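Here is a walk through a two-part question: how do the pieces of this assembly sit against each other, and where does the backbone do something out of the ordinary? Have the structure open as you read.

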Amino acid sequence: MDSGERYRSGSDRPLTGSLEECRREFNELFGETKDLRLEELQIGQKQAMLCYLLTITDAQLLTQRVLQPIGQLPSDQSVAGTDELEMLCARMLGGSAHIIIQTNQDAVQKMLEGYSVIFIEGVGAAVAVFTEGGGQRGIQEPTTQTIVKGPKDGFVEDLRTNLSLLRKRIRNHKLRIETFTIGTDTGTNVCLVYMKSIANEGIVDEARKRLSDIHTNAIFETGNIEEFIADKTLTPFPTVYSTERPDAVSAHLVSGKAAILVDGTPFAITLPTVFNDFMVAPEDYYQSFLMGSFLRFIRYLSFMFALMLPSLYVSVITYHHELIPTPLLISVIAQREGVPFPAVVEAFLMEVTFEILREAGVRMPRAVGGTISIVGGLVIGQAAVEAGIISNTMVIVVALTAISSFVAPYYIFSISSRLLRFGLIVLGGVFGLYGVFLGLMVMVGHLCSLRSFGVPYLAPIAPFILKDQKDIFFRLPVWASKLRPQMLKPAGAVKQQESESPSPPPMYPSEGKSKRKGDPS
Amino acid sequence: MTTPLLERISIWQLFVLVFLFQVGSAIVVGAGAADAKQDLWIAELMGCSIGLVLVLIYVYILRLKPGSSLYDILSVTFGRWLATLFAVLYILYFFYIAGRVLRDFTELLIIDVLPETPLEIVTLLFILTVIYMVYMGMEVLGRMSETFVPYFITFVLLITLFLIAGQDIKLENLLPVLGDGWDPVMKVVFPELITFPYGETVVLMVIMAHTTHPGYMPLTALLATILSGAVLSYHSGLMVAVLGGDMVARSTFPLLSVVREISIANFIERLDALVVFIMMVGIFVKVSLFFYGGLKGLEFLTRIPYRHFVLPCGLMVGFLSIIIAGNFAEHIEEGVEIVPVFLHVPFQIIIPVLMLAVLLIQRWRQRRVKRHGFRRTLQKWK
């Protein structure tokens, strides 16, 4: 891709064929680096030089693909010009990925990508053979999005492996992969993946444009890309979906979305993303639609809890006692009797404590993880209540809030409710329910104003799209949803034309309809 | 000077906006109860059917000039100077009504939910939210109301369900039907119930022209009006059935009094505070739309995008809502005695009817020119 242009180093003059010159230029560029290998070879009667970076080259591949074929060449093989080199390569390296390159710049670029480059004395071209190797993790179960039933493989840090996981799931010629090189310092490979004639062309073009517009020095994770391509960064809500599940990415691809994969991270992002995507777990589709629908409901409910419960509690306890039934009110107030703080301070204390606990739990080495639960659960929870600093009800509220915030199938999404919760607690403490509801209105207004690659963030709820409702708050059986999500304006809208319920025809078919086979009479 | 951004809302959004706009404050305030008493629901039905004619006039005007909003049509019909005058008047009218609707709600809030909080604070908070939303634009407001309307409708239905479950509805309260004859009913129908809320739909002429399917716009507006008429009439009937005609007439916010009656298993009770906030959605839409209508007028006059005016004008509307009346009694007095006659009738009925007349004459002339050819028409005139 042309976006890689500015990261390239080395001269862009055509190769002259002088090995000495090449060697000098490489030594200049790479300096004293230990892993640069410039090895002398003999190809036929010509001197040749094999260049590669030891650290990212697989020795076995190098032997198989380069050294063995060269060794089998007849000793009187002559390589005079570029044409001859091409023919030789076709014969010698046929089957393994190789590229003829013309400039030193390309040679350097290819070496950095894990190719081994062979220069031949007196030939104005070189051949690069793909021999990438180096450490990588095996495919494992994803750790951030676990499921009970369904595929257990997750993306790894290696881009090629990740792409292969997608290709194996979508065996279709329409699956397109485009590569970008981003990062002046890191030169990271970034792939844009989409389904031609399913995904909306406009969205793909926009993604392509935004990717090529990134000017930065380093990309280590999709998160870095995310902030460059998101429509709006000043928002607590994520506007792209990142996942380490290949099945989720594949499902998004065939529904008309595009995906971006970055070399070096097991997280892929898919776009455009709407609010509802974060309430969907891949497992919804792998189990009964009744259960899937029920779980959706639970998730929306717990999102509400995680967002509003402490603020509702604070405002009701502070301003609107009449909303609580009297017996309950008496017991709650009685518990609060000895508590020296107003409810809003109490809620704040507990929420901040919980956030500290959570952060400690995430960052801490696993070996000492158990300590957290003892210190957090026992000391802070029970002891605080017994010491009369916090009321029991508050602990219940905070605990329920905390558990609800873990329900989100997509962990990052809970940051939105975590951040907004504090704002709502303050509003609830100062203005009561009025403040909370106005805060919610502002939040919904903000959500309505968000867009992800042109698609309104709250679609298909606002703007309301009737055809998409079959997979939002509940999930209809797979055979019942015949169209791809309309909010994405897919190029190919129809998912399955003639799909019907597999249930048998009625027991007493009406006149004219054929009876089931094997029916008596 | 930049060309103003044209925002389009979908037909469903328009429906929701019209519905929330009309039901918005009308369902809370309970206008006309003082005179009509147990026949309030009949008055509401009549108000709706006559209001429907007004809405019909508005949409017909818009259909005659497709794609142009209230202000554009003003300038087409009345010429530059008169149109500017009318536009200024409309802007002031819209801002004033926005302030009035806001005051309706803040008074309700202070009486019922936050008795210790000063009016100024409550107003400021509300208007800041309105400012934020209107700044985001019409599309966002449309989507927001779309998101909230299910909650609104659910609560409206739940109220009935709870009242039935608690056996609070006594249908005999509705008797005698028309016990005092038609006079008290007619008295509240015009101008009070026609202008509020149906006539107020005039402000929607600013946005109704810009929908995704202009062909369906008239039908949508009329259907939404019928629905809100039905909801309003149903709820006034419900209020009377629960509280009795006299109580409804005396209560400031009859709906809240009704909701206070709900008590199920000593657990679900005192829902009025919650209902206030659900009703807030309707009020919010209404204030925002009036505010937006005025802002669009400023945009029309100055050719500066309306977003530049949002903050100063918004704060002005908030201030206005505080100073228009010294206390709630004065506010209601103005709303019943002065505003309908001196503001609503000219702006909602007289000017639109004039506009329609001018437009029809213009069209008749054009057709004649087309039919007889330009020269013959000229000869005739000479």
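How far apart do the end C-alpha atoms of residues 424–444 of chain A lie, and how much of the span is helix? The ends are 13 Å apart, with 95% helix and 0% strand over the span. Helices here are DSSP runs of H or I with at least four residues, strands are E runs of at least two, and both are numbered from the N terminus.

Before going on, some ground rules. This is a predicted model, where local features need pLDDT of at least 70 and side-chain atom pairs count only at pLDDT 80 or more, while totals for chains, interfaces and linings use all residues. Residues are numbered from 1 along each chain as its sequence is written, chains are lettered from A and ligands numbered from 1 in the order written, and side-chain values use heavy atoms, with hydrogens and water left out.

**Spans from the record**

Residues 424–444 are one of the stretches that UniProt, in an unreviewed entry, lists as "transmembrane region" in chain A; the others are 297–319, 364–383 and 389–412. Such annotations may be inferred rather than shown by experiment. Over residues 364–383 of chain A, the chain is 75% helix and 0% strand, with end C-alpha atoms 23 Å apart.

**Two interfaces**

Chain A comes in three pieces: domain 1 (19–130), domain 2 (159–273) and domain 3 (289–455), with bounds from an automatic or database domain assignment. The centres of domains 2 and 3 of chain A, taken over C-alpha atoms, are 34 Å apart. Here is how that domain pair and the chain pair come out.

| Interface | Residues in contact | Buried area | Salt bridges | Polar contacts |
|---|---|---|---|---|
| Domain 2 of chain A and domain 3 of chain A | 19 residues with 17 residues | about 1500 Å², 73% on carbon and sulfur atoms | 0 salt bridges | 5 residue pairs |
| Chain B and chain A | 32 residues with 27 residues | about 2700 Å², 76% on carbon and sulfur atoms | 1 salt bridge | 3 residue pairs |

Contact means heavy atoms within 4.5 Å. Buried area is the accessible area (1.4 Å probe) that two parts lose on being put together, summed over both. A salt bridge needs a side-chain nitrogen of Lys or Arg within 4 Å of a carboxyl oxygen of Asp or Glu. A polar contact is a pair of N or O atoms within 3.5 Å; within protein, one must be able to donate a hydrogen and the other to accept it, and residues adjacent in sequence count only if both atoms are side-chain atoms.

On the domain 2 side of the chain A domain pair, α6 (201–212) and β8 (241–243) of chain A give two or more residues each, and α6(A) has the largest share with 4 residues.

Between the chains, Leu125(B), Arg143(B) and Phe277(B) supply 22% of the area that chain B buries against chain A, more than any other three residues. The salt bridge pairs Glu139(B) with Arg451(A), the closest N and O atoms being 3.7 Å apart.

**Backbone oddities**

Most residues other than glycine have a negative phi, and most peptide bonds are trans. Leu271(A) and Pro272(A) are joined by a cis peptide bond, omega about -10°; Pro272(A) sits in the loop between β10 (268–271) and α9 (289–318) of chain A. Phe196(B) to Pro197(B) is also cis, with omega near 10°, and Pro197(B) is in helix α8 (residues 183–198) of chain B. Finally, Ser197(A) has a positive phi, near 65°, in the loop between β7 (188–195) and α6 of chain A.
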